[in-house]
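Here are my notes on this one, set out point by point. Have the structure open while you read.

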Amino acid sequence: MRANHGKDIFANEIVKDIIKRALPDPVSKRLNLKAGSESNYQNIINSLMKQIEETLQYNRVQSGIRWIDTHDSRMPDGSKPDGILVLDAGHTGQDWKWTGVVFELKSDAVGSGDIALRGQLSSYLVSMLQAQPRRHLIGVSISKGGEMYLYVCLPSKICYHRIGALPCYDDRYSEQAISAVRFLLLLYLEVAKDPGFITTRRLGIFSGFSLQDVVNAHPVTDADIASAVINIQGYSCFSGCHSQLVGPQSWLYRDVGNQIVKFHWCSPKSSEILIHQKALELQIPHIPEILHSVIISHPYDSLNGELLVLDDAGTTIEDVLLNRRVPDYAVVDIFAGYFHTILAASSVCDGEVILHRDISAGNLLVRDSMPFVIDWGLGLYAHAKSRVVSTTPLVGTAPFMGVRVLCSMERRSCIDDIESLLLVLS
């Protein structure tokens with residue numbers, strides 16, 4: 001039996017019909033290679049996903065996502081998750097950029113709290129982050145007893161909760177099995193609406209992050225399918241994989257028209273957007289204009305996501321020097337411009353001081369022989385008439401740190417930025 005319209009797609013009879021067709025009685029023994037084995041769970045999940053997709057297609061429900069069994073193949077980075085739900089975005093291959101949900105399966109020998117299982121799943125989430133900046137990521141684990149756990153990765157933590165258990169041939173229609181299949185249906189309908197993308201490089205789309213509500217028990221807002229909501233309040237947490245990508249490990253790439261698009265996670269106390277805007281407000285020279293910026297906060301997290309779109313500032317000074325893109329005399333003018341920026345930032349009227357604290361070859365750009373200083377994420381704004389401020393001891397990019405920084409001296413001034421500039425020149 002199948003439904004005739006999408007609004008009752010989560011009804012018990014529809015879910016049971018999916019299970020029945022995925023695990024038919026006549027072939028149960030043939031499919032059930034070994035109860036509790038990873039291969040058995042792989043067969044079950046593959047069969048369930050196939051029947052879910054057929055049910056959605058039959059009922060003319062658009063999901064925008066599809067299942068790929070990856071346990072016998074490799075992702076572009078060589079990793080081997082057991083399955084992925086990929087976005088149907090006009091592509092055919094499997095890659096992390098378009099992955100909406102990653103699955104990791106284990107046999108009954110591995111429990112849901114196994115450190116290796118969580119570590120493996122976390123490494124896949126990191127790969128998804130590196131391929132595409134995201135506000136949240138979703139992973140699913142299946143392990144001992146067919147238990148299914150949902151993992152929602154937020155900037156500083158990974159929330160997890162037990163959803164149910166895969167249906168088995170002895171007890172196909174248990175409450176746990178129905179919950180698990182209903183949740184898989186939920187993923188098909190909700191993930192494509194909001195995969196958590198911060199920005200899509202090709203399309204320039206900015207996401208609204210509606211799926212963050214899954215952590216607060218209401219991932220489905222359509223009243224017609226409200227019965228499908230799976231309450232996961234009381235979730236547990238462990239350290240989030242975003243923490244590996246905070247600060248200098250940000251995404252920086254060229255968008256349409258050579259605009260600079262940057263996204264990174266940061267503490268609310270160290271906002272690059274606010275420092276950059278303050279520098280522009282104080283009319284410090286040689287800083288590109290901000291074309292678009294947004295600070296993304298989350299009620300359940302301690303980190304903010306920051307997205308900046310900057311005006312075209314050219315290429316790096318390193319590229320200019322190595323490829324001799326400008327004559328030698330122009331190099332003097334370019335570095336004079338960098339000096340001007342550093343000194344102007346540290347000598348604003350009324351005792352206002354801005355220290356960049358991360359002058360490096362990658363943060364100094366040149367466009368048409370004009371210098372630009374970018375990446376003010378480690379910048380410090382303070383009021384100090386002496387132009388000397390207290391700061392975190394070790395801040396910056398290692399090859400370009402000055403002596404006082406390397407010696408962990410807390411008192412800093414523009415001298416440290418100038419020393420980093422000279423190290424770039426050398």
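1. Which residue stands opposite Ile142 of β4? Leu105 does. Bear in mind for this and everything below that we're looking at a predicted model. The strand on the other side of that pairing is β3 (residues 99–105), which runs parallel to β4 and is joined to it by five bridges.

2. Stay with β4 for a moment, since β5 (residues 147–154) pairs with β4 too, this time antiparallel and over six bridges. Here Leu137 stands opposite Cys153 in β5. The hairpin of β4 and β5 has four residues between the strands, and in that hairpin Gly145 takes a positive phi near 75 degrees.

3. Is β4 enclosed or open? Six of the six residues of this strand (residues 137–142) are buried, so β4 is largely enclosed by the rest of the structure. Leu137, Gly139 and Ser141 point one way, Ile138, Val140 and Ile142 point the other way, and all are buried.

4. Met148 is worth clicking on. This residue is found in strand β5 and, at 0% relative accessibility, counts as buried. Leaving aside neighbours within four places in sequence, Met148 is in contact with a list of residues that includes Val140, Ser141 and Ile142, the run from His161 to Leu166, and also Ala180, Phe183 and Leu184. Take Arg162 from that list: Met148 and Arg162 are 14 residues apart in sequence, and their C-alpha atoms are 6.1 Å apart in space.

5. Next, Ser112, which lies in the loop between β3 and α4 (115–131). Buried or exposed? Ser112 is buried, with a relative accessible area of 15%; the cut-off for buried is under 20%. Not counting residues up to four places away in sequence, Ser112 touches Leu117, Arg118, Ser143, Glu147, Tyr149 and Tyr151.

6. On to the helices. The axes of α1 (residues 12–22) and α5 (residues 175–190) come within 10 Å and cross at roughly 95 degrees. That makes α1 roughly perpendicular to α5. From α1, the residues in the contact are Asn12, Val15, Lys16, Ile18 and Ile19, and they meet Ala177, Ile178, Val181, Arg182 and Leu185 in α5. By class, that contact has seven nonpolar, one polar and two charged residues.

7. Which residues touch the most other members of the largest nonpolar core? Leu48, Phe103 and Leu187 do, out of 48 residues in that core. Helix α5 gives the largest share of this core, eleven residues. Apart from it lies another core, of 26 residues, with Val326, Trp376, Ile418 and Leu421 among them.

8. Leu48 deserves its own look. Not counting residues up to four places away in sequence, Leu48 touches Ile18, Ile19, Ala22, Leu23, Leu166, Pro167, Val181 and Leu184. You'll recognise Ile18, Ile19 and Val181 from the contact of α1 with α5.

9. Further along the chain, three strands form an open sheet in the order β12-β14-β15, with antiparallel pairing. Why is one side of β12 and of β15 left without a neighbour in the sheet? β12 (315–316) and β15 (370–373) stand at the edges, each with a single partner strand, so one side of each has no neighbour there. β12 and β14 (residues 364–367) pair over two bridges, and Thr316 has Leu365 in β14 as bridge partner. Helix α8 (residues 328–346) packs on the sheet, touching β14 and β15, and the direction of α8 makes about 35 degrees with that of β15.

10. Ser271 lies in the loop between β9 (260–266) and α6 (272–281). At 6% relative accessibility, Ser271 counts as buried. Setting aside neighbours within four places in sequence, Ser271 is in contact with Cys266, Ile295 and Glu306. Ser271 and Gly379 are 108 residues apart in sequence but 8.6 Å apart in space, C-alpha to C-alpha.

11. Finally, the whole chain. The secondary structure comes to ten helices and 18 strands, and of the 426 residues, 54% count as buried. Of the contacts with a separation of 6 or more, 60% are accounted for by residues 24 or more positions apart.

Definitions and conventions
Residues are numbered from 1 along each chain as its sequence is written. This is a predicted model: local features need pLDDT of at least 70, side-chain atom pairs count only at pLDDT 80 or more; totals for chains, interfaces and linings use all residues. Side-chain values use heavy atoms; hydrogens and water are left out. Axes are lines fitted to C-alpha atoms, for helices over the stretch in contact, and angles run from 0 to 180 degrees between N-to-C directions. Angles under 35 degrees count as roughly parallel, over 145 as roughly antiparallel, 65 to 115 as roughly perpendicular and the rest as oblique. Contact means heavy atoms within 4.5 Å. Ala, Val, Leu, Ile, Met, Phe, Trp, Tyr, Cys and Pro count as nonpolar, Asp, Glu, Lys and Arg as charged, and the others, Gly among them, as polar. A nonpolar core is a set of buried Ala, Val, Leu, Ile, Met, Phe, Trp, Tyr and Cys residues joined through side-chain atoms within 4.5 Å. Buried means under 20% relative accessible area, exposed over 50%, partly exposed in between (1.4 Å probe, protein chains only). Two strands pair if DSSP finds at least two bridges between them.
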